[in-house]
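Q: I would like a close look at a single part of this model, followed by one connected account that sets it in its surroundings.

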Amino acid sequence: MHKWFRVFLGVSRPLFLLVVLSLVAFSAAGQEVGRNVGEVRAQPATKTGSEVEEKLKTLEYELREQAKRLEEMRALVADQQRTIQSLQAKETISEKKLPDQKEIAAAPSSPATETQAPPLEDRVKKLESKVLAVGPFRFSGDFRLRFDGIFRKADPAPPTGFSALTHQQNARMRYRLRLNFDTDINSKIGFHGQLATGPLNNALTLDQDFGETATRHPFFISEAWIDFHPNKGTQLQAGRLQEIFADNSRFLFDDDIRFNGFNEKYTLALKRNGLKISNLEFRAGQYILSNPNVAIVTAGSPLAQAGAVIGSTGRSSNLFHQGVLINQKFNDRWSSQFGGDLQLYRNPNQIQLASTANGVALIVQNGLGIALSGPLTGTGNATTTSGGAIYTARNFQIARLTYRLNWAGFQSGGRAYPVTFNFQAARNVGIGLPERDAMLASFQIGKVAKRGDMAFLYVFSSKGANSMISQVTDDDLGTNSGVNIRTNHFRFDYGLARKVTLQSLLYIQRELRNSGDFPNFFVPLNAFTPRQYRLQEQIVFTF
């Protein structure tokens with residue numbers, strides 16, 4: 001009751017003041033009218049009728065002004081009364097809603113409260129998106145601090161014909177910063193951009209090493225594309241973008257790599273059917289990997305070192321990727337996705353050429369307009385000569401099959417643990433050589449969304465030296481060699497807070513084949529290389 005009394009005093013004071021002022025004003029108006037009337041009556045009879053009429057008009061104007069002021073005061077008083085009634089109603093409701101402390105302790109949590117949580121989260125997300133919007137843009141991003149250690153013992157006595165291997169111990173601190181900005185040009189056209197850290201000559205990482213004394217680190221365009229979606233099922237993209245089949249599985253492509261080109265995606269929704277197929281996704285991508293701009297290939301040209309015919313025109317290198325994904329939804333807890341796709345590379349040797357000292361100037365530096373510190377990283381494929389620019393595999397036509405099974409999982413300790421299984425297999429059908437196959441199997445439990453959430457992931461992968469192009473596949477699963485590997489990968493995620501995650505990753509890697517195991521077969525890391533360990537401890541902050 002004392003709370004209501006304080007509210008009443010706070011509201012009644014200005015109300016009382018307004019009433020007093022209105023009475024004073026009304027009294028002053030009455031006195032003024034009386035005085036003016038008295039003056040009219042006191043005028044001698046010699047005054048003309050026009051003067052009296054003018055005096056009356058003046059009195060009428062003043063009365064109208066006083067009436068207007070009184071009306072405004074009445075409106076203000078009415079508004080104050082409505083405010084008092086509103087506060088009184090809220091006070092009554094709050095008193096009804098405040099149970100005894102014992103009742104609060106004894107009351108169990110109701111399912112209705114839990115069911116109301118998603119709408120509240122949706123409203124919070126909507127509010128966050130509005131707060132993060134600056135002008136026409138919406139901003140987001142992440143910052144990652146990482147300890148990255150690569151360890152391998154030495155091999156002083158390798159097989160005959162091979163050089164001794166020194167040990168490897170590279171323990172370093174690294175960070176990654178990504179800033180996203182998005183906007184909708186209209187209801188059918190959107191734009192997405194991303195600025196990110198990372199070295200220029202390594203397309204497979206956005207990490208920036210600690211070091212370089214105190215020099216500032218660069219911040220580059222990582223993503224920039226226009227998205228055209230004329231209807232719900234159609235999406236067309238152009239610019240620097242993610243690969244159309246990118247899935248962060250570390251199989252076909254590294255999760256940091258982006259391509260310059262075009263993406264198309266069409267989703268065909270299906271009616272309820274016996275196969276439980278909800279929709280079909282038809283996807284295609286066309287990417288421009290190089291533009292050598294050489295009218296005639298000469299004998300001393302780097303393109304000739306990559307196998308181009310002398311006297312021909314230097315053509316670009318391209319990737320064409322197309323396929324279909326079939327999505328099934330069995331019920332609210334089980335779903336799956338399976339499908340297949342085909343990668344077709346044109347002039348793939350130019351990718352390997354960019355990883356040589358002679359080729360990086362022609363393939364990469366001309367477009368950037370600056371000189372790099374060295375060739376592009378990421379080698380690992382078999383080449384016809386040691387360190388050469390011609391792949392042992394003449395063609396890269398990579399067919400892949402994928403299957404993913406999703407289960408809503410189980411609850412433990414009030415936390416959800418969804419389960420996902422994924423299997424992928426690929427073959428370079430453009431050649432009949434050995435080591436053209438690759439596979440990956442993964443199993444994940446849990447998902448991190450808030451503090452205390454956990455997730456576990458295990459991955460096993462094997463990639464032959466002729467199966468796919470090393471310069472575009474994952475460089476963590478395949479450290480120092482993206483292919484010719486067999487790797488076991490373990491990962492644990494723990495939510496420290498909302499949008500703050502601690503991640504622990506371990507890779508145990510072995511190589512598959514030695515140079516010389518097949519004709520014209522030379523690999524940078526051989527099968528006798530000792531087992532390699534890579535440990536990453538990192539904290540990710542999302543904003």
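Q: In which loop, between which strands, is Thr197 found?

A: Thr197 is found in the loop between strand 4 (189-196) and strand 5 (208-209), where strands are DSSP runs of E with at least two residues, helices are runs of H or I with at least four, and both are numbered from the N terminus. This is a predicted model, in which local features need pLDDT of at least 70 and side-chain atom pairs count only at pLDDT 80 or more, whereas totals for chains, interfaces and linings use all residues. Residues are numbered from 1 along each chain as its sequence is written, and side-chain values use heavy atoms, with hydrogens and water left out.

Thr197 has a relative accessible area of 5% and therefore counts as buried; buried means under 20% relative accessible area, exposed over 50%, and partly exposed in between, with a 1.4 Å probe and protein chains only. Its side chain reaches the backbone oxygen of Leu206 at 2.8 Å. When residues up to four places away in sequence are not counted, Thr197 touches Tyr175, Arg176, Leu177, Leu206, Gln208, Pro218 and Phe219, a contact being heavy atoms within 4.5 Å.

The loop between strand 4 and strand 5 also holds Asp207, which is buried at a relative accessible area of 2%. The side chains of Asp207 and Arg146 meet in a salt bridge, 2.7 Å from N to O, the term standing for a side-chain nitrogen of Lys or Arg within 4 Å of a carboxyl oxygen of Asp or Glu. Arg146 lies in strand 2 (residues 137-152), so this pair ties together parts that are 61 residues apart in sequence. Arg146 is itself buried, with a relative accessible area of 4%. Asp207 forms a salt bridge with Arg174 as well, the closest N and O atoms being 3.6 Å apart. That pair links distant parts of the chain, since Arg174 is in strand 3 (residues 168-184), 33 residues from Asp207, and both Asp207 and Arg174 are buried.

A further salt bridge brings in other loops, with the side chains of Asp474 and Arg250 meeting at 3.2 Å, N to O. Asp474 lies in the loop between strand 15 (454-463) and strand 16 (485-497) and Arg250 in the loop between strand 7 (234-241) and strand 8 (259-269), so the pair ties together parts that are 224 residues apart in sequence. Both Asp474 and Arg250 are buried. Salt bridges that share partners join Arg144, Arg146, Asp148, Arg172, Arg174, Asp207, Asp209, Arg250, Asp474, Asp476 and Arg534 into one network. By the rule given above, the count of salt bridges comes to 24.

The loop between strand 15 and strand 16 also contains Gly464, which counts as buried at 1% relative accessibility. Leaving aside neighbours within four places in sequence, Gly464 is in contact with Glu435, Asp437, Val483, Asn484 and Leu512. Gly464 and Asn428 are 36 residues apart in sequence, and their C-alpha atoms are 9.7 Å apart in space. Pro434, by contrast, counts as partly exposed at 36% relative accessibility, and it lies in the loop between strand 13 (415-428) and strand 14 (437-446). The C-alpha atoms of Pro434 and Ala465 are separated by 8.6 Å, although the two residues are 31 apart along the chain. Apart from neighbours within four places in sequence, Pro434 is in contact with Asn466 and Phe518.

As for the chain as a whole, it has eight helices and 18 strands, and buried residues make up 38% of its 543 residues. Among contacts between residues at least 6 apart in sequence, 63% join residues at least 24 apart. The accessible surface of the chain comes to about 30700 Å², of which 59% belongs to carbon and sulfur atoms, as given by the Shrake-Rupley method with a 1.4 Å probe, where for residues only the protein chains shown count as cover.

Conventions: A polar contact is a pair of N or O atoms within 3.5 Å; within protein, one must be able to donate a hydrogen and the other to accept it, and residues adjacent in sequence count only if both atoms are side-chain atoms.
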